[in-house]
Amino acid sequence: MMNIYTYIRSEIDANIDEKYKNFQSSLCPNIKNIEGVRVPILRDIARTISKREEIASYLEEANVSTYEEKNIYGFVIGYLKTDLKTYKRYLKKFIPMIDNWATCDMACSHLKFTKTYKKEMYPFICSYLKSKKEYEVRFAIVMLMDYYLEEDTYQDVLQKLLEIQNKAYYVQMAEAWLLSICYIKHKEETITFLKRKDMDSVVLKKTLQKIRESTRVSKQEKEFMKTFV
């Protein structure tokens, strides 16, 4: 049986799609190592290797470099059946690898074990809000959006946003995305939050835009957002 990394490379090489590569490259223009393998195939690869006996050595070595390899690594963590300590150890290796919004957002959506360890994962996730690295902060924001906008935690999440010092583009876009989803789930409280005097003007503008673009918001509400101050 070929080793995990050899298997990954053989599957990637066999499934390269040049048209998809060009499409994905247009979405992530700063990433130069996109090979062009569609996400469902990457998920299948990750599911397969997550069940291999030598998966721990693969995750420890973290021998990844391309866009596809990083996505597979992130997916594998989500597919593992392990304990909280091990999840955190692998995430500490993976999070610094993130160098684009797509890898960040797709990985977050796969980390569903967070639902099982919500209380324990919360401080771990929030610690990355203080990072100086753009995608580490985005990772934390998207994780909060995916798993912590429920009734018992969303108010604290909103307060955490006020503590973010990083003003990088993909950080602010993630903040706006989170707030637009929070608006759908907790309308009045989110409006109150958006009216704060210390609300970042860039984040506010993008939040209102995302709310107006949402298919889950009524036409009347969208008109209101145009006059929101």
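These are my notebook entries on the core, helix contacts and selected buried residues of a predicted model.

**Ground rules.** I number residues from 1 along each chain as its sequence is written, and I use heavy atoms for side-chain values, leaving out hydrogens and water. Because the model is predicted, local features need pLDDT of at least 70 and side-chain atom pairs count only at pLDDT 80 or more, while totals for chains, interfaces and linings use all residues.

**Entry 1: the core.** I looked up the largest nonpolar core and found 84 residues in it. (Such a core is a set of buried Ala, Val, Leu, Ile, Met, Phe, Trp, Tyr and Cys residues joined through side-chain atoms within 4.5 Å; buried means under 20% relative accessible area, exposed over 50%, partly exposed in between, with a 1.4 Å probe and protein chains only.) Y58, I72 and I77 have the most contacts inside this core. Helix α9, residues 134–147, gives the most to the core, with 10 residues. (Helices are DSSP runs of H or I, at least four residues, and are numbered from the N terminus.)

I then listed the neighbours of I72. Leaving out residues up to four places away in sequence, I72 touches I8, I12, L42, I45, A46, I49 and Y58. (Contact means heavy atoms within 4.5 Å.)

**Entry 2: α3 on α5.** I72 turned up again here, in the contact between these two helices. The axes of α3 (residues 39–50) and α5 (residues 67–79) come within 8 Å and cross at roughly 50°. (Axes are lines fitted to C-alpha atoms, for helices over the stretch in contact; angles run from 0 to 180 degrees between N-to-C directions.) The two helices are therefore oblique to each other. (Under 35 degrees is roughly parallel, over 145 roughly antiparallel, 65 to 115 roughly perpendicular, and the rest oblique.) From α3, the contact includes L42, I45, A46 and I49; from α5, it includes N71, I72, F75 and V76. By class I noted 9 nonpolar, 2 polar and 3 charged residues. (Ala, Val, Leu, Ile, Met, Phe, Trp, Tyr, Cys and Pro count as nonpolar, Asp, Glu, Lys and Arg as charged, and the others, Gly among them, as polar.)

N71 got its own check. N71 sits in α5 and is buried, at 2% relative accessible area. Beyond four places in sequence, N71 touches L42, T103 and M106.

**Entry 3: α7.** T103 and M106 led me to this helix. Helix α7 spans residues 101–110 and is mostly covered, with 8 of its 10 residues buried. The buried residues of α7 pack against α2 (18–27), α3, α5, α6 (84–94), α9 and α11.

**Entry 4: charged residues in α9.** I checked R138, which lies in α9. R138 is buried, with a relative accessible area of 5%. Beyond four places in sequence, R138 touches W101, C104, D105, Y170, V171, M173, A174 and W177.

E136 is in α9 too. At 10% relative accessibility, E136 counts as buried. Beyond four places in sequence, E136 touches I95, P96, Y128 and S131. I also took the C-alpha separation of E136 and I77: 17 Å, with their positions 59 residues apart along the chain.

**Entry 5: α11 on α12.** The axes of α11 (residues 169–185) and α12 (residues 187–194) come within 6 Å and cross at roughly 140°. That makes α11 oblique to α12. L179, C182, Y183 and K185 in α11 meet K187, T190, I191, F193 and L194 in α12. I count these as 6 nonpolar, 1 polar and 2 charged.
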